[in-house]
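This report covers side-chain pairs and helix packing in one protein chain. The sequence and the structure come first, and the text follows.

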Amino acid sequence: MAIIEQLYATCQVIHEGKLTDPFQVQTGVRQGCLLSSTIFLMVVDWIMRQSTANQKTGIQWTFTKHLEDLNFADDISLLSHRQQHAQEKLERVATEAEKTGLQINTEKTELLRINNKQQDSVRLQQEEIKEVDKFTYLGSVVSKDGGADDDIKSRTNKARHAFRTLQSIWRSSALSLHNKIRIFNTNVKSVLLYGSETWRTTKTNRNILQTFVNRCLRNILNIRWPDVISNEDLWRRTNQTSVEEDIKKRKWGWIGHTMRKPPSNATRQALDWNPQGKRKAGRPRQTWRRSTDAEVKAAGMTWAELKRIFQNRVRWRPYAPERSQRHKSSKSNPLYKSFFHE
């Protein structure tokens with residue numbers, strides 16, 4: 001600890017090829033130092049532990065535990081059921097952060113209220129936190145209604161920009177079609193389907209995604225109106241599968257990976273988590289879990305049976321997305337056929 005403190009306590013600057021005399025540094029860290037990110041994460045972790053430890057102000061996660069916050073570096077999401085708890089938690093985090101020299105940027109802080117009729121504002125340092133209907137967290141758009149429509153729209157726009165940026169690649173005669181499709185899969189399609197494992201997709205959303213992919217593939221093949229080509233022939237020539245199948249492969253690969261995590265992992269617990277509160281009267285809305293349960297039921301299995309398969313990588317490997325193309329024998333498996341409609 002003393003060595004790290006000495007490393008950050010004094011600095012020297014190279015000027016005209018010579019080192020200046022050492023001088024004291026009161027704030028900040030060495031730019032580019034590998035220790036900087038680690039030390040910052042340690043500080044943020046300490047702040048959150050001091051702010052949320054033994055505080056039952058989050059959302060009911062398990063029978064005895066509350067989920068107080070979600071953190072990734074300095075992207076922090078505070079969770080609360082009540083406005084009062086959210087206000088108190090924000091103030092505690094700000095107080096603990098000031099002890100380490102960090103401050104919360106109120107201009108970049110947003111409030112998302114879901115299924116809550118209370119309209120009292122949340123304030124920090126006498127400034128009202130801006131309330132929004134959606135916000136971006138780790139590249140994904142989280143919306144007020146809990147759907148994926150806004151996120152899919154955002155991903156489509158980003159993928160469209162990525163495709164246009166590589167226009168010279170698609171028009172190049174020096175590259176083979178095989179290489180162009182590989183670049184499309186890694187630089188465009190991966191952008192489009194980022195986070196699709198947790199999307200609550202509808203037929204309309206799938207059509208939007210599929211239409212975008214088809215247009216890109218036709219552009220790569222230089223097929224213009226009034227030339228006619230069926231989608232099946234288009235996918236065959238470009239070695240592609242439908243977007244619906246791609247999303248399912250990604251989802252079930254992610255589920256298998258998540259199920260092999262420790263039982264205490266929040267991501268694994270989320271698969272079996274039931275939100276608090278009462279739903280409105282009428283037909284229940286389609287959710288990610290309901291659609292997943294329907295796929296499991298169509299395969300003639302239960303969640304308990306799948307959990308046992310997930311724990312064994314060898315048994316689950318044929319269903320994983322990265323293996324589905326290389327292990328052709330997996331396509332004869334009835335579970336694969338039920339999931340991916342082969």
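## Salt bridges, helix packing and aromatic pairs

Lys248 and Glu244 form a salt bridge, with 3.8 Å between the closest N and O atoms. The model is a predicted one. Both residues belong to helix 9, and because they are four residues apart there, about one helical turn separates them. Lys248 counts as buried, at 8% relative accessibility, whereas Glu244, at 33%, counts as partly exposed.

This pair is one of 15 salt bridges found in a search of the whole structure. Three of the pairs are set out below.

| Salt bridge | Closest N to O | Residues apart in sequence |
|---|---|---|
| Lys248 and Glu244 | 3.8 Å | four residues |
| Glu68 and Lys89 | 2.7 Å | 21 residues |
| Lys134 and Asp150 | 3.9 Å | 16 residues |

The bridge between Glu68 and Lys89 links distant parts of the chain. Glu68 sits in the loop between strand 6 (66-67) and strand 7 (69-72), and Lys89 sits in helix 3 (residues 83-99). Glu68 is buried, with a relative accessible area of 8%. Lys89 is buried as well, with a value of 0%. Residues under 20% relative accessible area count as buried, so the label applies to Glu68 at 8% and to Lys89 at 0%.

In the bridge between Lys134 and Asp150, the N to O distance is 3.9 Å. Lys134 is part of strand 13 (residues 134-137) and Asp150 is part of helix 4, so this bridge ties together parts that are 16 residues apart in sequence. Lys134 is partly exposed, with a relative accessible area of 44%. Asp150 is also partly exposed, with a relative accessible area of 28%.

Salt bridges also join into a network, which links Asp272, Arg289, Asp293 and Lys307.

Helix 4 is also involved in helix packing. Helix 4 (residues 149-165) packs with helix 7 (residues 203-220) at an angle of about 5°, and the two axes are 10 Å apart. Angles under 35 degrees count as roughly parallel, so helix 4 is roughly parallel to helix 7. On the helix 4 side, the contact is made by Asp149, Ile152, Thr156, Ala159, Arg160 and Phe163. Helix 7 contributes Asn205, Leu209, Phe212, Cys216, Asn219 and Ile220. Seven residues of this contact are nonpolar, three are polar and two are charged.

Phe163 of helix 4, one of the contact residues, also belongs to an aromatic cluster with Trp170 and Phe184.

Across the whole structure, a search finds seven aromatic pairs. How are the rings of Trp254 and Trp288 arranged? Their centres are 6.1 Å apart and their planes stand at 80°, so the pair is edge-to-face. The cut-off for that label is an angle over 60 degrees. Trp254 lies in helix 9 (residues 243-259) and Trp288 in helix 11 (residues 288-298), so the pair ties together parts that are 34 residues apart in sequence. Is each of these two residues buried or partly exposed? Trp254 is partly exposed, with a relative accessible area of 23%, whereas Trp288 is buried, with a relative accessible area of 14%.

Helix 9 thus holds Trp254 of the aromatic pair and the salt-bridged residues Lys248 and Glu244.

Note on methods
Residues are numbered from 1 along each chain as its sequence is written. This is a predicted model: local features need pLDDT of at least 70, side-chain atom pairs count only at pLDDT 80 or more; totals for chains, interfaces and linings use all residues. Side-chain values use heavy atoms; hydrogens and water are left out. Rings of Phe, Tyr and Trp (its six-membered ring) pair if their centres lie within 6.5 Å; planes under 30 degrees apart count as stacked, over 60 as edge-to-face and the rest as tilted. Helices (H or I, at least four residues) and strands (E, at least two) are DSSP runs, numbered from the N terminus. Buried means under 20% relative accessible area, exposed over 50%, partly exposed in between (1.4 Å probe, protein chains only). Axes are lines fitted to C-alpha atoms, for helices over the stretch in contact, and angles run from 0 to 180 degrees between N-to-C directions. Angles under 35 degrees count as roughly parallel, over 145 as roughly antiparallel, 65 to 115 as roughly perpendicular and the rest as oblique. Contact means heavy atoms within 4.5 Å. Ala, Val, Leu, Ile, Met, Phe, Trp, Tyr, Cys and Pro count as nonpolar, Asp, Glu, Lys and Arg as charged, and the others, Gly among them, as polar. A salt bridge is a side-chain nitrogen of Lys or Arg within 4 Å of a carboxyl oxygen of Asp or Glu.
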